[in-house]
Amino acid sequence: KEERALSGHTGGVTSLVITPDSTRIISGSDDNTIKMWNLETGKEERALSGHTDCVLSLAITPDGTRIVSGSFDNTIRVWNLETGKEERALSGHSGRVMSVAITPDSSRIVSGSFDNTIRVWNFETGKEERTLFGHTGWVNLVVITPDGTRIVSGNHDCTIQVWNLETGQEERALS
């Protein structure tokens with residue numbers, strides 16, 4: 001049975017994360033916004049604006065204090081959930097950012113893009129550390145292993161690739 005429906009976006013909902021304490025839902029949308037909702041009451045607590053196109057992907061830090069968003073505007077943004085303020089915008093992809101992930105220790109952000117690349121960023125400075133090449137189609141998804149040592153990417157070229165996070169070297173391709 002449905003407990004409640006949360007409405008407030010003016011475009012389709014494209015991404016969701018739940019805070020580690022299970023008290024809030026964060027949603028990204030085609031309306032270029034991110035909204036924070038109270039899971040118990042269903043009320044919208046905050047709206048985050050800054051992207052100029054669809055927010056396609058969200059990731060949340062393990063401590064629940066910040067989120068990272070990836071957008072069709074080719075940028076990644078880091079947001080403080082306490083203040084609702086954007087802390088920084090990361091630019092470098094030449095295509096839509098399809099997926100974002102955060103390492104378990106919150107030291108890095110990993111992004112996959114329509115430009116067929118994966119990029120690794122320093123979480124605190126926003127500086128790009130490396131670009132991973134190897135996909136022949138756009139990168140739909142990136143995830144980081146729970147031990148924080150590998151990136152796994154899935155993409156439009158019908159493969160899954162496993163990468164060493166520290167070196168950026170491809171370890172294997174699954175097809």
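Analyst: In this predicted model, a strand is a DSSP run of E with at least two residues, and strands are numbered from the N terminus. With that in mind, P146 can be placed in the loop between β13 (139-144) and β14 (150-155).

User: Why is P146 called exposed?

Analyst: The relative accessible area of P146 is 76%, and the word exposed is kept for values over 50%, so P146 is called exposed. Its C-alpha atom is separated by 6.6 Å from that of P104, although the two residues are 42 residues apart along the chain.

User: How do you know that β9 and strand β10 pair, and in which sense?

Analyst: Two strands pair if there are at least two bridges between them; β9 and β10 (residues 108-113) have five bridges, in the antiparallel sense, and therefore they count as a pair. Along this pair, A101 stands opposite V110 in β10.

User: What makes β9 and β12 edge strands?

Analyst: The open sheet consists of four strands in the order β9-β10-β11-β12, with antiparallel pairing. Within that order, β9 (97-102) and β12 (128-132) each pair on one side only, and this is what makes them the edge strands. From one strand to the next, the twist averages 20°.

User: What kinds of residues make up the lining of the largest pocket?

Analyst: The lining divides into three nonpolar, four polar and five charged residues. Among the lining residues are M36, R46 and G64; Met counts as nonpolar, Arg as charged and Gly as polar. The space in this pocket is about 180 Å³.

Note on methods. Residues numbered from 1 in each chain as written. Predicted model: local features only at pLDDT ≥ 70, side-chain atom pairs only at ≥ 80, totals over all residues. Heavy atoms only, no water. Axes fitted to C-alpha atoms, helices over the stretch in contact; angles between N-to-C directions. 1 Å grid on protein atoms, 1.4 Å probe; cavity = no way out; pocket = protein on both sides within 12 Å on 5 of 7 lines; lining within 4 Å. Points joined across faces, edges and corners; volume = space filled by probe spheres on them. Buried < 20%, exposed > 50% of the residue type's maximum accessible area, 1.4 Å probe, protein only.
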